[in-house]
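Visitor: Could you walk me through this one slowly? I'd like to start with the words I'll need.

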2 protein chains.
Amino acid sequence: MRYSNATNYALHTMVHLMLQPGGSSVGVQELAEMQHLSPTYLSKILTKLTKAGLIVSTPGAKGGYKISRTKHEISFLDVIHATEGDTSLFDCSIHHEGCLIENVMKQAEENMKKELESRLLIDIAKEVESKQKEG
Amino acid sequence: MRYSNATNYALHTMVHLMLQPGGSSVGVQELAEMQHLSPTYLSKILTKLTKAGLIVSTPGAKGGYKISRTKHEISFLDVIHATEGDTSLFDCSIHHEGCLIENVMKQAEENMKKELESRLLIDIAKEVESKQKEG
DNA sequence: GATATTAAAGACTCTTAATATCTGCGATAC
DNA sequence: GTATCGCAGATATTAAGAGTCTTTAATATC
Ligand code: SF4
Ligand code: SF4
């Protein structure tokens, strides 16, 4: 059980877009080069982020992707939901009434999600920025 | 990203074995029937649990599986580790020095594991037992 | 000791999901 | 109009999970 690589790429892309001065657009080929990916593959991931409303795409010449207006509210969990879907980690198909096992597993998962929801990408971006200025 | 079915089967098996009077052994075919599985498939899962020291196997005639001596200390996390391995959910192969993203993901995962570590199977087994007496 | 019973291990197939590429379409700037 | 770009669909390719079959080794019973 592991997060997909797409989630990793999505997180990096989001941070990168947040660091764009004035929230300007960046083309997929630049984002792909940065992460050593093929543009077509990354494009699929970016489409997911777009549909989730985390970034905004502008097609056509001089187009690209830019961070959404909700920039300061985007959490790690938002990105993960966009790439991984929002299904439960533990999904017993039977669902017995008042299942004790499911209870424990779901509660634990909730603990993880709470943390991921409380951590905002903007804070990471800011830290990265200040590190770059130092170095 | 989902827990494997094996983890579900393992959890059910563990609870079942804990409910055996006197911790007596149960054969794989009985455990398999209970969960509508093939004995050979379940056998692989049971071997993992055995190697993790959560259950004890006795081969040969009248053999089977019984719960380990550490019965009262076995947590959900122990079972999950046995079936899923103990690799991290978020595993970036690069591992940059002081990576901020990895930090957040690992911390969140830790929150989940803390909960899974604190929840003991024996408590679930006892609840199941008392429910059965009620019904 | 012979035999029946049972767990352990390895090879193997099947299915599914993730990964990745290629192609054509539609929107936009110039 | 044309070059540039994101979007969607089809299509490999790969990896992991799910599950079966067969053989081997250990044990109890007789
Ligand atoms: S007891 Fe819970 S986990 Fe087990 S089969 Fe029922 S619903 Fe699923
Ligand atoms: S910044 Fe962190 S997650 Fe990103 S490549 Fe480096 S180690 Fe991996």
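Guide: A residue counts as near a strand if one of its heavy atoms lies within 4 Å of it. Please keep in mind as we go that this is a predicted model.

Visitor: Okay, so which element gives the largest share of the surface near DNA strand C?

Guide: That is α3(B), which contributes four residues to the surface near DNA strand C. At least two residues each are supplied by α1 (5-18) and α3 (39-51) of chain A, and by α3 (39-51), β1 (55-58) and β2 (64-67) of chain B.

Visitor: And what residues come nearest to the strand?

Guide: Out of the 26 residues around DNA strand C, the nearest are A:Asn5, A:Ser38, B:Val28, B:Ser57 and B:Tyr65. Of the strand's atoms that come within 4 Å of the protein, 76% belong to sugar and phosphate.

Visitor: What does B:Tyr65 do with a phosphate oxygen there?

Guide: A polar atom in the side chain of B:Tyr65 lies 2.3 Å from a phosphate oxygen of DNA strand C, while for A:Asn5 a polar backbone atom is 2.8 Å from a phosphate oxygen of that strand. With B:Gly60, a polar backbone atom is 3.2 Å from a sugar or linking oxygen of DNA strand C.

Visitor: Switching topic, where does ligand 1 lie?

Guide: Ligand 1 lies between chains A and B, and the residues surrounding it are A:Cys92, A:Ile94, A:His95, A:His96 and A:Cys99, together with B:His12.

Visitor: How do the residues of that shell around ligand 1 divide?

Guide: The shell around ligand 1 has three nonpolar residues, three polar ones and no charged ones, whereas the surface near DNA strand C has nine nonpolar, 13 polar and four charged residues.

Note on methods: Residues are numbered from 1 along each chain as its sequence is written. Chains are lettered from A and ligands numbered from 1 in the order in which they are written. This is a predicted model: local features need pLDDT of at least 70, side-chain atom pairs count only at pLDDT 80 or more; totals for chains, interfaces and linings use all residues. Side-chain values use heavy atoms; hydrogens and water are left out. Ala, Val, Leu, Ile, Met, Phe, Trp, Tyr, Cys and Pro count as nonpolar, Asp, Glu, Lys and Arg as charged, and the others, Gly among them, as polar. A polar contact is a pair of N or O atoms within 3.5 Å; within protein, one must be able to donate a hydrogen and the other to accept it, and residues adjacent in sequence count only if both atoms are side-chain atoms.
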